[in-house]
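Student: Could you take me through one part of this model closely, beginning with a single pair of strands and working outward from there? I would like one connected account.

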Amino acid sequence: MVTLADVARHAGVSASTVSYVLSGKRSISAGTRERVNRSIEELGYRPHAGARALASSRSDVIALMVPLRTDLYVPVMLQIAMAVTTTARAHGYDVLLLTGEEGADAVRRVEGSAVADAMIVMDVEADDERLPLLREARRPSVLIGLPADAAHLSCVDLDFEAAGALCVEHLAGLGHRQIAFVGEAPGVYERRTGFAERTLAGLRSAAGAHGLRLLHRPCASGWTAVDATLGRILEERPGTTAFVVQNEAAADPLLALLRQRRLAVPEDVSVVAICPDQVAERASVPLTSVAVPAQEMGRRAVEQVVAVLDGREAAGTVLLPPELAVRASSGPAPR
C-alpha cells in the first residue's frame, strides 16, 4: 500500500509538505503543490481515513437516518437513500445508513461521536422527538420531510399539501363531485407522519373550496385490506366517481378490484395517484399521478448539508412544487 512517505520521496519533498498539501493548513507554492498532486495521482495514494479524521476533525461521512417501517413503501425510501448515497459520493462523502427505529437516541449517538459530520433525517413526524436535539446539535442536519414547526431547521420535501390540492383540482375540472381518498396505513396517521398529514390537509382544503364531498379511508397493504377499504367506501358513498390514492402498494390491487366490481377506469370511476412515475406508468391502467420526486429530494438534501459543511448559510425549507401527469386513469365524471 502506498504511504505518505512514498509520495514524499516520489515528489522530492518532505512528508510534512505532502501533509500540508492534503490538509491545506499551510500555503504551499503552486509548483510544489502540482508536483505533489501529480505524485499522488501516479502512485494511487489514498489517505488513511482514520488518520485524516484525527487530523481534520472530519470523518467525511454523512449519517442517513431512514427507519424502514413495514407500513411505508420501502422502495421509495430506498430510492431516496440511493440518491443521497450517490450525491454524497460525488461530493467526497460516504454515507452511514441508520435503519433502526432509534428516534432521538440515533441523533444523540451521532452528535456525541465522530462517526459522521452531518445528518440527513427521513420519516419525519409532525412533532418529531428528534427535532429539539437537531436544533441544538453542533453537527448540521437536513430533514427530508416537513414537521409542524420547521423553525431553525433545514428541510427539503415535495409540497404534499399542494399535491393533494392539485389532485382535487384535476378531478373537479372533470366534473367529479364525490371523491374518496385511499390513504396510507393507519399507523402512518397515528404517528402523525408529516407527508401524510399535509396531503390530507391539501385534499380537504381544495375539496371545500370546490364544494366537493371527500371521504378519507386509511388502507393497510395487501389485497384483503384494499378489498375491505374499497367495499367500505362504496357502501358509505355509493356515488363516488373518483379515487385519489396515496399508497403505492394499494394502487394495482385497487384497479383490479374495481374491474371485479364491473367499474371501468376511467369511464365509471377515475383514479389519480400520488406516487413515483414508475409506479404510475407500470400500473394495469397507466395512472394519472403527481410524481414523488425521490431522487430530487435525496440530491437536494445532500447539497443543502454539504453547503453548511462548506461554511455556507443553511437553506431553510425547500418545498418542491408538484407536477401532475395526465394518463389513462382519469376522465370526465359519468352522467
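Tutor: Happily! Strand E5 (residues 155-158) and E11 run parallel and are joined by 4 bridges. One residue pair to look for is Val-156, whose bridge partner in E11 is Val-318. Please keep in mind throughout that this is a predicted model.

Now widen the view to the sheet around that pair. E5 and E11 belong to an open sheet of 6 strands, ordered E2-E1-E3-E4-E5-E11, with parallel pairing. Its edges are strand E2 (94-98) and strand E11 (317-320); each has a single partner strand, so one side of each is left without a neighbour in the sheet. On average, and with direction ignored, neighbouring strands here are turned by 20° against each other.

One loop that belongs with this region deserves a glance. Strand E3 (118-121) and helix H7 (131-136) are connected by a loop in which Asp-123 is found. Asp-123 has a phi near 55°, a positive value in a residue other than glycine. For context, most residues other than glycine have a negative phi.

There is also another sheet to compare by eye. This open sheet has 6 strands in the order E7-E6-E8-E9-E10-E12, and its pairing is mixed. Strand E7 (213-217) and strand E12 (324-325) take the edge positions with a single partner strand each, so one side of each is left without a neighbour in the sheet. Within it, strand E6 (residues 178-182) and strand E8 (residues 242-245) run parallel, joined by 4 bridges. Val-182 has Val-245 as its bridge partner in E8. Helix H8 (residues 160-173) packs on this sheet and touches E6, E8, strand E9 (270-275), strand E10 (288-291) and E12, with its direction at about 165° to that of E9. Helix H11 (residues 223-236) packs on the sheet as well, touching E6, E7 and E8, and its direction makes about 150° with that of E7.

E9 also leads us to a peptide bond you may want to inspect. In the loop between helix H12 (248-260) and E9 sits Pro-266. The bond joining Val-265 and Pro-266 is cis, with omega about 10°. In general, most peptide bonds are trans.

Back at helix H8, let us turn to side chains. The structure holds 1 aromatic pair. The ring centres of Phe-160 and Phe-195 are 5.5 Å apart and the planes stand at 50°, so the pair is tilted. Phe-160 lies in helix H8 and Phe-195 in helix H10 (residues 194-210), so the pair ties together parts that are 35 residues apart in sequence.

Those two rings bring us to the interior space. There are 2 cavities of 30 Å³ or more, and the largest holds about 310 Å³ of space. It is lined by 20 residues, and the closest to its centre are Val-76, Met-77, Ile-80, Phe-160 and Phe-195. Thus both members of the aromatic pair are also among the residues closest to the centre of the largest cavity. Helix H5 (residues 74-90) gives the most to this lining, with 3 residues. By class, the lining of the largest cavity has 13 nonpolar, 3 polar and 4 charged residues.

The second largest cavity has a volume of about 40 Å³. Its lining consists of Met-65, Val-66, Pro-67, Leu-98, Gly-100, Glu-102, Gly-103, Ala-106 and Arg-130. These divide into 5 nonpolar, 2 polar and 2 charged residues. Leu-98, one of the lining residues, also takes you back to strand E2 (94-98), at an edge of the parallel sheet where we began.

Methods:
Residues numbered from 1 in each chain as written. Predicted model: local features only at pLDDT ≥ 70, side-chain atom pairs only at ≥ 80, totals over all residues. Heavy atoms only, no water. 1 Å grid on protein atoms, 1.4 Å probe; cavity = no way out; pocket = protein on both sides within 12 Å on 5 of 7 lines; lining within 4 Å. Points joined across faces, edges and corners; volume = space filled by probe spheres on them. Helix = DSSP H or I, 4+ residues; strand = E, 2+ residues; numbered from the N terminus. Nonpolar A, V, L, I, M, F, W, Y, C, P; charged D, E, K, R; others polar. Pairing = 2+ DSSP bridges. Axes fitted to C-alpha atoms, helices over the stretch in contact; angles between N-to-C directions. Contact = heavy atoms within 4.5 Å. Phe/Tyr/Trp six-rings, centres within 6.5 Å; stacked < 30°, edge-to-face > 60°.
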